[in-house]
Every structure is written in C-alpha cells, then in structure tokens.
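Colleague: I have a new model open and would like to understand the words people use for it. Could you talk me through them?

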Amino acid sequence: MSIDLALALSSAKPAGKRPYFMDPAVERVLNILMATVQELAVTRERLDTIERLLEMKGVVARSEIETFEPTRDQAAERGLWIQEYLNRVLRTVQQEAEALQASDDLASEEVAAEVSRA
Amino acid sequence: MNGSPDLKNAGPAQTYSGPPDYRVVGRHGIFPETSHDEIARLNFLAHMNRHLSTRVMPAVKTVWERRAGPAFEAREGRAPKDRHDVRKALMTDPYYQAWSALRRATMEQRQQAGRWIALRQAETLAARVEALTALGDRLELDPALPIPRYISAVDHHCMPGSYHTEVFPGDVSGAANYDCGIFATTGGALGRFSDGGGHAVVRWVSRNLPDFKPRRILDIGANLGQNVLPIAEAFPDAEVIALDVGAPMLRYGAARARSMGVDNVRFVQGDGSDLSRWADGHFDWVQTTMTLHELSLTSMKAIFAETYRVLAPGGIVLHVEQPQYAADMALFEQAMRDWDAFYNNEPFWSTMHELDIDGFMIEAGFARPSLIHDGVTAVVDKDVFPDAADDDGEDYGRKAAWHVIGARK
C-alpha cells in the first residue's frame with residue numbers, strides 16, 4: 001500500500017553523513033521546531049481557505065471574524081483555554097521551578113535500593 | 001499569496017513580491033496529485049527559502065567582515081588563503097551555524113514534503129507511467145548499466161534514493177518527488193514546468209545562432225527531461241535523445257513528455273562518458289543543463305571527449321552551470337557558493353567550479369577561438385513567476401542565473 005510506503009519512507013535519511021552546525025541536541029530541537037512551524041503555516045492556510053469559502057457562500061463575512069466580540073462567558077472560556085494551553089506547553093518549566101523548592105527529592109534509583117532492602 | 005494574473009491590480013497583489021502560490025505549477029499528465037495541505041507545505045517552504053536568502057543570509061557577510069574574518073586573522077596571523085579557510089572559519093560562528101542549520105532543515109523538509117506526496121500515490125503513478133510508455137520506442141532502459149560512484153556515494157541535494165533507486169519495480173516516486181518539489185527550492189523561479197533553464201538555452205541559441213538547424217540533439221544528464229523539452233519543442237523536426245543513468249527519472253520523463261505532446265524525444269538510459277553506440281559526428285548539438293557539477297572529474301573529461309567525437313563539424317556543445325570561481329570572485333562568495341557542495345551533498349560542486357573548463361574543452365579537441373562564454377537567466381512567464389533577470393539579490397549558487405560554457409566544432 002502506498003500509504004504504508006509514505007509512512008515508512010517519506011522522512012528517510014539521504015545517503016551521506018549529516019553535517020551538524022551546532023550542538024546536535026540543540027539542532028535536533030530546532031529541526032523539530034521548524035517542522036512544527038511549517039505545520040502551523042499549513043493550518044493557517046487551511047483556516048484561511050475555510051474563511052474564504054464561508055464568505056463566498058455567504059455563511060460568514062471575514063469582517064465579522066475581525067470584529068467578533070466574545071461575551072463575558074465566552075471570553076472566560078477562551079481565557080481558561082489559553083491558561084490550560086500554556087500550562088501544558090510550559091510543563092517542563094513549572095517542574096523545574098517545583099524542583100527548586102523540593103529539598104528532599106530523591107532519584108528513583110536511590111529509592112530503588114532503599115525499597116529493595118531485605 | 002494568490003499568483004493568478006487577473007488579481008495583479010487588486011489589493012495586496014499589486015505590491016506583493018514573493019513566490020507565487022504553488023497552484024500555478026504546471027500539471028502535466030503524470031504530475032502527482034496534491035492535497036490542500038500538501039500544497040500549503042510547499043508554499044511554506046518556498047517562502048522559507050526566500051526568507052533565508054533575502055532576510056537571514058545577507059548578515060552572514062556582515063558576520064564575516066566584522067567577526068569571523070577578523071577572528072581568523074587574529075588567530076592565524078594571516079589572511080585566509082582560499083575559500084576553504086573562509087568556510088571553516090565561518091563554521092565556528094554562531095550566526096553562520098544558525099543560518100546553515102535552518103537551510104539544511106529546509107532542504108530536508110522539502111524532501112520530506114515531496115516524498116510524502118509521491119510515495120502515498122507511488123503505485124498509481126507507476127501504473128500511469130506504465131500506461132503512457134508501454135508502447136513505442138520513446139523509452140529505452142538498460143538495467144545492466146552500472147550506476148556511477150559519483151551518483152551512488154551520497155544522495156545529491158539530500159534527495160533520499162537519488163536519481164537511480166526505486167522502492168518497487170517500476171516505481172517513479174523519486175522522480176515525482178523531484179518534479180513536484182523544485183518549485184519550493186527555487187520559489188517558482190524556474191517557471192510552471194521547472195523548465196526555465198531549457199527555455200533560456202532556446203532563447204540563447206535563437207539569438208546567437210539564428211541559422212542553426214540541428215537535426216540530432218543529445219542532452220546528457222537529462223534528468224526527467226524538464227530542460228530538454230523546450231529544446232525539442234523549438235526544433236520539432238530534430239530527433240532528440242535525453243540521456244541519463246537513472247531509470248526512474250527516464251520512465252517518468254518519457255511519460256511526462258508523452259502527456260505534454262512532445263514526441264521527438266527518446267529517453268535513453270546510458271552514461272555520457274560512453275557514447276560508443278553513436279558514430280562520430282552523429283549529433284549537431286550536445287547539451288548539459290546543471291549536470292557538470294554532479295559528475296566526477298574523470299567522467300566530466302570523458303564526457304567532453306565523447307562530446308567532441310559525436311559532434312558533427314559545425315555542431316555545438318553548450319553546458320549551463322552556475323558561474324565558475326574566477327580569480328576575481330571574492331573568497332567569501334566562493335565559500336558561500338561552496339555551502340551546497342559540503343552541506344547539501346553536491347560533492348563535485350566545489351572542485352568543478354574552480355576548474356579551467358576551457359582547458360578541458362581544448363584538451364577534448366575544441367579550438368580555443370571556437371569556445372563560447374555567456375550568461376543566461378531562466379525564461380519564465382513574468383506575469384506569474386519571479387524573473388531572475390530583474391533580481392539584484394544573490395543566492396550563492398541557487399539563483400536562476402547561469403553561465404553558458406560551450407564550443408562549436
């Protein structure tokens with residue numbers, strides 16, 4: 001099946017040793033980030049297509065989108081969503097901050113020895 | 001983003017300067033189907049390439065002049081002796097590293113985007129190619145042909161599988177990937193059918209050799225034939241051979257030509273360094289377009305010698321390439337042009353561009369007074385596509401502005 005070929009091979013490595021221009025761990029994150037940036041542009045273009053089609057069919061005028069004002073309840077729902085979203089995205093920073101406060105944090109490896117004692 | 005000409009005087013299109021929307025791409029009969037999001041992905045990549053070359057790259061020169069260059073001189077106590085000194089010094093600079101990492105990432109993303117499109121419909125594409133090429137003599141493959149080391153060692157421009165491999169017998173996904181993605185790499189600068197180079201050659205010949213009426217034409221390293229089709233169309237009475245080592249490219253190319261109604265091109269699998277199947281003086285015109293830099297020194301010399309042999313007296317050979325690293329080209333520019341050689345898998349690029357091509361042509365038999373040197377830019381539909389002739393910017397090896405090096409026998 002072609003879709004299986006695409007899943008297996010579309011991201012294949014080209015023959016030839018890859019040059020790294022910075023710390024490979026940093027460049028790995030950059031590469032993942034740029035692929036994500038690309039997908040955001042793809043989503044933005046798709047959303048633009050939808051808005052234009054809705055406008056052409058007389059469902060929603062794009063000016064209505066620009067001037068849309070949420071009610072208090074809608075604004076609260078949206079605000080909550082942004083808070084939830086930031087919590088999720090910045091999880092690692094929150095955990096780093098919590099670690100600063102924890103004085104008796106043990107590594108699981110240390111506890112492993114403790115709980116395995118006879 | 002809409003590149004259709006009828007919007008040129010409406011709103012943002014009037015002042016817009018940038019790649020046209022991918023949807024203006026020429027869809028011949030074997031062109032892969034593309035979904036909305038697949039197109040959006042290629043649109044992003046066309047813009048990403050343009051952004052890198054116009055917004056990010058210019059400061060690399062500043063970095064060289066103010067930071068990496070002075071640091072090199074302070075460390076070594078001398079000026080850089082060649083472009084390799086410059087490139088290696090730049091490699092230690094964080095801005096060059098960032099630009100390079102983004103440029104490499106963009107190339108890998110372009111390959112991924114094109115491969116996804118081609119592979120997800122690989123079986124359909126193969127069947128369509130088979131249907132278009134099963135009959136007739138427009139395709140001649142040689143499964144026993146050895147694939148040269150300069151093709152198999154590393155995959156050119158990070159294109160997995162290069163020109164010669166197939167995922168299953170009859171697969172053309174590598175060629176379809178190449179075809180549907182060039183637009184993203186060049187920002188549309190090669191025109192609807194990515195054939196701006198071929199049209200440039202036709203224009204050059206019609207202006208400089210108006211009486212030239214070739215009967216037999218050979219294109220070496222023809223790839224999927226995108227640059228030889230304009231030549232074949234300009235000389236419909238000529239019999240044209242599109243020669244390449246990669247069978248998938250040739251299969252796709254033959255089907256593409258058939259669907260575009262061009263029937264005077266025969267796609268032949270073969271190596272340009274051995275043209276022994278053709279007699280001395282068989283061809284009136286031998287062409288290579290962006291081929292020399294993907295060869296090896298040995299094969300280039302052999303191709304020059306064979307070219308001289310198979311050309312008829314009065315015949316011409318034209319090689320279209322990026323400009324040579326002449327003595328008056330700044331070491332910084334040479335180093336920037338070398339980027340693709342070392343970081344985008346174009347291993348002969350660097351050496352090829354410093355060679356005395358004239359000397360090799362003369363060694364092959366051509367007389368010095370018969371040598372041809374000129375410059376050309378891609379010929380595209382200027383209403384829709386960016387015209388390299390109007391572009392003052394520099395993309396160090398990727399701009400659609402080339403040199404013609406040739407000779408008349």
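Modeller: Gladly; let us take the shape of one chain and then its partner, keeping in mind that this is a predicted model.

Colleague: What makes the secondary structure of chain A helices and not strands?

Modeller: A helix here is a DSSP run of H or I with at least four residues, and a strand is a run of E with at least two. Chain A has 6 helices and 0 strands by that count, so its elements read α-α-α-α-α-α from the N terminus.

Colleague: Why is chain A called more spread out than a compact globule?

Modeller: For 118 residues the globule rule gives 13 Å, while the radius of gyration of chain A is 24 Å; that is well over the rule, so the description fits. The C-alpha trace also spans about 75 × 50 × 35 Å along its principal axes.

Colleague: How many residues of chain A count as buried?

Modeller: A residue needs 20 or more other C-beta atoms within 10 Å of its own to be called buried, and 5% of the 118 residues in chain A reach that.

Colleague: Where do the domains of chain A lie?

Modeller: Domain 1 covers 17-68 and domain 2 covers 71-118, with their C-alpha centres 28 Å apart.

Colleague: How do you know that chain B is in contact with chain A?

Modeller: Contact asks for C-beta atoms within 7 Å, and 29 residues of chain B are in contact with 26 residues of chain A. On the chain B side, H4(B) gives the largest share, 10 residues. That side divides into 15 nonpolar, 8 polar and 6 charged residues.

Conventions
Residues numbered from 1 in each chain as written. Chains lettered and ligands numbered in written order. Predicted model: local features only at pLDDT ≥ 70, side-chain atom pairs only at ≥ 80, totals over all residues. Rg over C-alpha atoms; globule rule 2.2 N^0.38 Å. Buried ≥ 20, exposed ≤ 12 C-beta atoms within 10 Å, placed from the backbone. Contact = placed C-beta atoms within 7 Å. Nonpolar A, V, L, I, M, F, W, Y, C, P; charged D, E, K, R; others polar. Domains from an automatic or database assignment.
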